[in-house]
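Subject: Handover of a structure and notes on its contents

Dear colleague,

Please find below the structure that I am handing over to you. I would be grateful if you could keep it open while you read the notes that follow it.

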Amino acid sequence: MTAAVNTVDSSEAAVQERIARLEHDFGDLDDPGNPLGAEQFLAADARGQQLPAAERLLGSFGLNAEFVPRELGGRLDRLDALARVLRAVFRRDAALGLGHGLTSYLAAVVVWAAGTPRQRRETADLLLSDGRMACAYPEPPQGNDFLRNRLTARPDGDGYRLSGRKEALNNAAHADALVMFAHTPEGLSAFLAPGPAHPDGRDITLLPRRPTVGVRGCAIQGIALDGHRLDAGRLVGAAGGGARLAELVFPLTRSAGLSMALGCADTALRTTTAFARSHRSRSRASLHSARTRTALANAFTDLLVCDCLSLVATRAPHLLPRESRTLGAVAKYLLPTILNETMDDLSIVLGAEAYAAGGSYGIFHKTARDLPMIGLGSAGTSASRAVIIAQLLRLPRPAAPASTTDLGALFRPFDAALPPCRPEENALLPDRDSLLGYLEESAGSADDGAAGEFAGPLREAAAVLVAHARELRERCAELAARPRGRPVSPRAYALAERYALLVAGAACLGVWRQRPAGGFLADPAWAAMALTRIASRLDKSAVRAPAAGLDRMLAELLHRFDDARSYDLYATAIGR
């Protein structure tokens, strides 16, 4: 295998330029004199508000253009690029990233997928003029009780009358437009309607705001409608097509939101690193402590694992649309688990400072509260697990003939040459499992002659993953052979977690094998550590992390800390 050359085309260069501009405008999060620093975000969080100066910055930057397709005057052409730009926002404040960013995207993507040309133009114009949107997604049967409620749309002449409640929407009071899924005689249908902030949406009743433990700056409140009139032109897609439409857009939303959230975890790791460096050599929290060094190196490795999986999940709608629903569900299922466990491990290093509401380390406590909230929503953990289990039941079936898709593009972080998303294919059942197949075919060449001292750990970890993949296929065959009508065994839950870890392993292996010719990603230490971390989650006794790998990861972590670069695949310059 020839190492990929890290070339940056004009599209990728434009993405990097936008990220650099946003980081420069935000400035250093740790600078006490920065009006957009940690102290100001903590104060706004305590007030339950988003920082006004940060909102003005995003308006000046034109953040909404990131959510609008290029053909409609925006900048959206790659989901992975969208997530990378938003990481700069989430790195400061998850509430700002959700309230001034992701929430509008979650609504707009429904219109991009099925809206009429007029609806698409109307939505693009709204966002490009700094308007905001919110979305009342349907609640799947496997979804979260927190959002279980219902809207109905009764035919009325040439339009509809909407009634009902949605108990918890983000951004509802500030929304100039709402995308709502309501039950009609034909079935679930989607509507694009004026929001409460629009003059035509003033008869929508806003319910009391719900206080939340995390993302306190987000205004979470419900809406109530009683015969709210909408004309037929407000229907998005076909009447009764709402359920399928939700299926089409979930692959475009599940993966992107969690990829953005890596910015939060980056801040938590950076804060913990600063804490460890500030302690004397005899302190258990200092960098001289083996426990602290291991915790930091493992956390850095876990963020790289999450980013490899995020890369694959956000590129799949472009390259593997039929598998994107499964891969998006894997990201939504696994990333919150890994990130929350990482936060727990880092909190042990911080000790009591992990609970500080202010001061030098207060941003860690805020991030620890915010991260779990990002995983909530109508497509939460249980719904994502159901999608994975459905894929497990398909695994025993014969695969379709080999695809002509170049999987290499799935794993190259700086490769901007992606075809457009094809949402209409997202709801089609997958006819193969490309990631599991890639793992089984490529694990034997994990050491391609460039791994040096890490060749052994790479081979051992890859062998563990392949063994588990083969066992998984056997267990899935047993699962699929159950008598018709019998519920799926609870053992499927454990298999779903195993499958998610194997997909993450395939993603890491792919990024390693498609690595650029130079730079950190060409260092086999990270790949050996990433695959070892995943293998140890599958079997704690299977492999041990190479000591040299821990040292190299820690050295890179400290280098990025000193050089102010992000803890992901891109090593982006931050705050300058």
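I begin with the cysteines. Cys308 has a relative accessibility of 0% and therefore counts as buried. Please bear in mind throughout that this is a predicted model. How many disulfides does the structure hold? The number is zero. Cys264 is in no disulfide, and the nearest cysteine sulfur, which belongs to Cys218, is 11 Å away. Cys308 is likewise in no disulfide; for this residue the nearest cysteine sulfur is that of Cys508, at 4.0 Å. A disulfide requires the two sulfur atoms to be within 2.5 Å. As for its surroundings, Cys264 is buried, because its relative accessible area is 2%.

Next come two residues with notable backbone angles. Asp130 is not a glycine, yet it has a positive phi of about 70°. You will find Asp130 in the loop between helix H6 (117-128) and strand E1 (133-136). With a relative accessible area of 42%, Asp130 is partly exposed. Val215 also has a positive phi, of about 40°, although it is not a glycine. This valine, Val215, lies in the loop between strand E6 (205-209) and strand E7 (220-231). Is Val215 buried or exposed? Its relative accessible area is 3%, so Val215 is buried.

Strand E1, which follows the loop of Asp130, deserves a closer look. In a regular strand, side chains alternate between the two faces of the sheet. Both faces of E1 are covered: Met133 and Cys135 are buried on one side, and Ala134 and Ala136 are buried on the other. Which strand pairs with E1 in the parallel sense? The partner is strand E4 (residues 177-184), and the pairing runs over four bridges. Within E4, Leu178 is the bridge partner of Ala134.

I turn now to the aromatic rings. The count comes to nine aromatic pairs. One of them joins Tyr160 and Phe191, whose ring centres are 5.0 Å apart; their planes stand at 70°, so the pair is edge-to-face. This pair links distant parts of the chain, with Tyr160 in strand E3 (residues 159-170) and Phe191 in strand E5 (residues 187-194), 31 residues apart. Tyr160 counts as buried at 10% relative accessibility, and Phe191 is buried with a relative accessible area of 0%.

Another aromatic pair consists of Phe411 and Tyr438, which is tilted, with 4.8 Å from centre to centre and 40° between the planes. Because Phe411 lies in the loop between helix H12 (381-394) and helix H13 (434-442) while Tyr438 is in helix H13, the pair ties together parts that are 27 residues apart in sequence. Phe411 is buried, at a relative accessible area of 0%, and Tyr438 is buried as well, at 9%. In addition, Tyr137, Phe181 and Phe250 form one aromatic cluster.

Finally, there are rings with a charge over them. The charged end of Arg75 sits over the ring of Phe61, 5.1 Å from the ring centre. Arg270 lies over the face of Tyr567, and here the distance to the ring centre is 4.4 Å.

Yours sincerely,
A colleague

Conventions: Residues are numbered from 1 along each chain as its sequence is written. This is a predicted model: local features need pLDDT of at least 70, side-chain atom pairs count only at pLDDT 80 or more; totals for chains, interfaces and linings use all residues. Side-chain values use heavy atoms; hydrogens and water are left out. Buried means under 20% relative accessible area, exposed over 50%, partly exposed in between (1.4 Å probe, protein chains only). Rings of Phe, Tyr and Trp (its six-membered ring) pair if their centres lie within 6.5 Å; planes under 30 degrees apart count as stacked, over 60 as edge-to-face and the rest as tilted. A charge sits over a ring if NZ of Lys or CZ of Arg is within 6 Å of the ring centre and within 35 degrees of the ring normal. Two strands pair if DSSP finds at least two bridges between them.
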